[in-house]
Amino acid sequence: MSTVKKTKSTAKKPAVKKQAAAPAASVATKAAAGDQNHGGAEGSGVRRRDFIHVAAVSFAGVGAAAVAMPLVSQMSASADVLALASIEVDVAAIQPGQSIKTSWRKQPVFIRNLTPAEVEEANKVDVGSLRDPQTLAERTKPGKENWLITLGVCTHLGCVPLGAASGEVKGEYGGYFCPCHGSHYDTAARIRKGPAPLNLAVPEFAFISDTVVKIG
Amino acid sequence: MSFPWAQEYKPQGTVSKWVDERLPLPRLVYNAVGAGYPVPRNLNYFWNFGVLAGVALVIQIVTGIVLAMHYYASVDGAFNSVEHIMRDVNSGWFVRYAHMNGASFFFIVVYIHIFRGLFYGSYKAPREMIWLLGVTIFLLMMATAFMGYVLPWGQMSFWGAQVITGFFSAIPLVGEPLRQLLLGGFAPDQAALNRFFSLHYLLPFIIAGVIILHIWALHIPGSSNPTGVSVKGEQDTVPFHPYYTAKDGFGLGVFLIFFVAVTFFAPNMLGHPDNYIPANPLSTPAHIVPEWYFLPFYAILKAFTVDFGIPFTGIIIIPAKLMGVLAMFGSILLLFFLPWLDTSPVRSGHYRPLFRKFFWYGLIPSLAILTYCGGKPPYTQWVVLSQLAAAYYFAHFLIILPIVSRIERPLPLPNSITEAVTGKPLPAAA
Amino acid sequence: MVRLVAFLVGLFFSGMLLLGLGDTVITAIKEPAVPSVEAEFHEETLPVSFAHDGPLGKYDRGQLQRGLKVYSEVCAACHSLKLVSFRDFAALGYSEEQVKALAKAWKTEVPSINPETGEPATRPAIPADKIPSPFANEVAARAANNNALPPDLSLITKAREGGPAYVYSLLLGYRDQAGYKSEEGKELLKEFPEAATPAGLHFNPWFANLNIAMAAPIVSDDQVTYDDGTKATKEQMARDVSAFLTWAAEPKMENRKSAGWAALGFLLVFTVLAWMSYKTIWADKKH
């Protein structure tokens, strides 16, 4: 506080003269450049006086930014939405060759019990030739290679591919087929043909028992 | 503007010049709230409240837009969506409490702004238009605040909507159909809630528009001042920037300290517990009261207890209920006529000894009593007090002010603002 | 013209108000207000203090956990807590696992549908669920409670004058009406013989109309066994559950207070700077 007081008292005197000469002189930082013309002691007083204005305006700016933070962060997912970020699914009833559609974070998730033939077909593919090279093992859990769990969101523009419900078209590679722009996915849900750039995404998941899988 | 010595906007860089030639918006701002607007040098702190009211409106609009992102106007979901904001939305409690208390602080600031105008005669020629626009803003604010209070759909929201739209049913012949038109039904329900939300979102922007007119009208004659003496020359004024921007910055800090103290430490102090009970159309709260800023008008409404009719015939010309409603609206509408009711050529209350007495010992206490009694149950002592205070309120504006303006002998006015400030006559003032 | 009309309008309104004033006074003299039993015998809240009181107050986590236990074992049989989720209990100091266990063990299950048949069914709660209500709907709640509706408790401390002190007083406020005297020594049934509590209601001078449908919920010490070994006196249980319900109504109170102090500190510095800036700018101007 004492330094502040000193600043003020030294600032006062030159300020009177200067302001009398140009009553409307802008006190913003810009004016400081002009003040350089004043002689030694007076000049430094003026600069110190300007410091108060700069500090006050900066404080106001910082305050406005601090208030803006909650006003923006309110838009991100609220606590009740985040609470649903993980789900547990009982997969005991899904027979080989069947799949179910469930919903996770308001997005469709495909859970598919692959038949041995489908697993074999997926493993036969030369990984190097794929657009998004990944093996089936990399997309499933060890010992549970028949459980293919992917997001049902086409990596092209976000449509839901067909092939999870019985009777739906599974595409040329026996996996999934996106009808919007014709992307074909194979039995490991890897992109094989069409505009989609990536394989169907595999969410974070884990088997918490033999038949219950936790997604998210 | 109207002062020849006002500084002219001089764009510095090439970009500024380029913009100025095509869209002179910076010039407009410079002349409105920059160095280009000369303001009397003697304004006191009461002149801070215009800017503060503008800040309060901005706070309400910004927080309101955020709340509308999460609120849903449904009779089943509105209450829970507000609680969702309070509990689950990130910083939602802050935004909601700021909006809730922001409304109260908006009214505090505007009331002080209005009383400043009343005391210093800011409504007098040549500033009548500024005053008329100001009263319009006040009416719009009241409508906006009322509809906003309905949105959480708590008990007070619901019964407030019921009672306030009930005013209209007092109007003869068209009353009941008009009420049904306003509510979109026989009682407040989904239709009413939805339209109140729509209008509550719309009106603040209309208020902002009228504020622009208010400021425009202000810049024709320039700001009034505590002496009420007109500006005579350059020595009487200082440029708005930096002089009053700095003063307003300080005033803003003080205002925000009060606002923050209430919002963060006593956010429900100005509210009513019953509004944390979801609306129940089958049960009225024991004691319904409007928000504090409507209490004086509510007291006036309740103060009318006898019918106006021909004595001993039983013929009623104006029933008490209708009279209460007319008087309540009248108590605000009479402000529109104030510039022509107070005919004294002296503006400032400082130089009007009689006016000043009636202002401090009549008007202010009567409004304080009305505010207090408005929130009280209808017991004899409160009814009597509010009847006295309301009678004074109408007499003050409609009878006393015109008479005082005629008979009062004002004190000698200073020759100029500068003389009033420095205490010595300047050659320039002669 | 304006002034003439104004004068007449003013005379009319003021005149009618003064007439009304006379009328009010005459009525008051002719028919003096009858004292009501509520006005004479309704009690102010009992004095009680909490750790979360005041601008620096914080919730006492142990107390909130005890209060939750009282709520779940005593209140939850009739009163819902619809706005609170199990996940919110993490704020009481429970771990994710404990919250999960609490949800799973909750007495009332969450309504759902049988995935095979589509018939209505129930399932154990998960942390993301709101606290399940003890009754399916208002009709069921009234039917089970002598046609009285037990209010939801999520916001009870904000929805009643007095807040937590009201809840505390109400819980401890059950009295025997026979021979009940106010502090001034007036005996209720002597002053107002017609105000005897009707059958099915319970006398409680802290309730607005003195007769509450709820039977005394906290009846004896050790009605609840606290996990932390605190002695569960009636007073302790009433205080703990009042604190818990305060948290339920205002879960963000601690964030609010700490943000408030930060904002106030910041604004004080800003205001001092702004004042110095203002004084410097005006230093040469007499005003």
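In this predicted model, chain A has an average pLDDT of 80, and 78% of its residues score at least 70. Confidence is not uniform along chain A: over residues 1-43 the pLDDT stays under 50. For that segment the model contains 47 contacts beyond four places in sequence.

Two strand arrangements were examined in chain A. An open sheet is formed by 3 strands in the order β1-β9-β8, with antiparallel pairing. Strands β1 (87-90) and β8 (205-207) of chain A lie at the edges, each pairing on one side only. From one strand to the next, the twist averages 25 degrees. The pairing of β1(A) with strand β9 (residues 212-215) of chain A is antiparallel and comprises 4 bridges. Within this pairing, A:V89 is placed opposite A:V213 of β9(A).

The second arrangement is a hairpin of β5(A) and β6(A), with 4 residues between the strands. Strand β5 (residues 174-178) of chain A is mostly covered, 4 of its 5 residues being buried. This strand runs antiparallel to strand β6 (residues 183-186) of chain A, and 4 bridges join the two. A:G174 stands opposite A:D186 in β6(A). In the same hairpin, A:G182 adopts a positive phi near 75 degrees.

In chain C, the packing of two helices was analysed. The axes of helix α3 (residues 61-73) and helix α9 (residues 234-249) of chain C come within 7 Å and cross at roughly 100 degrees. Because angles of 65 to 115 degrees count as roughly perpendicular, α3(C) and α9(C) are roughly perpendicular to each other. The contact involves C:Q63, C:L64, C:R66, C:G67, C:L68, C:V70 and C:Y71 from α3(C), which meet C:M237, C:D240, C:V241, C:A243, C:F244 and C:W247 from α9(C). By residue class, this contact divides into 9 nonpolar, 2 polar and 2 charged residues.

Between chains B and C, 52 residues of chain B are in contact with 49 residues of chain C. On the chain B side, the elements that give two or more residues are α4 (78-87), α5 (92-119), α10 (240-265), α12 (320-333), α13 (338-341), α15 (380-407) and α16 (417-422) of chain B. Of these, α10(B) gives the most, with 14 residues. The residues on the side of chain B that touches chain C comprise 39 nonpolar, 8 polar and 5 charged.

Technical notes
Residues are numbered from 1 along each chain as its sequence is written. Chains are lettered from A and ligands numbered from 1 in the order in which they are written. This is a predicted model: local features need pLDDT of at least 70, side-chain atom pairs count only at pLDDT 80 or more; totals for chains, interfaces and linings use all residues. Axes are lines fitted to C-alpha atoms, for helices over the stretch in contact, and angles run from 0 to 180 degrees between N-to-C directions. Angles under 35 degrees count as roughly parallel, over 145 as roughly antiparallel, 65 to 115 as roughly perpendicular and the rest as oblique. Two residues are in contact if their C-beta atoms, placed from the backbone, lie within 7 Å. Ala, Val, Leu, Ile, Met, Phe, Trp, Tyr, Cys and Pro count as nonpolar, Asp, Glu, Lys and Arg as charged, and the others, Gly among them, as polar. A residue is buried if 20 or more other C-beta atoms lie within 10 Å of its own, exposed if 12 or fewer, and partly exposed in between; C-beta atoms are placed from the backbone. Two strands pair if DSSP finds at least two bridges between them. pLDDT is the predictor's confidence in each residue, from 0 to 100.
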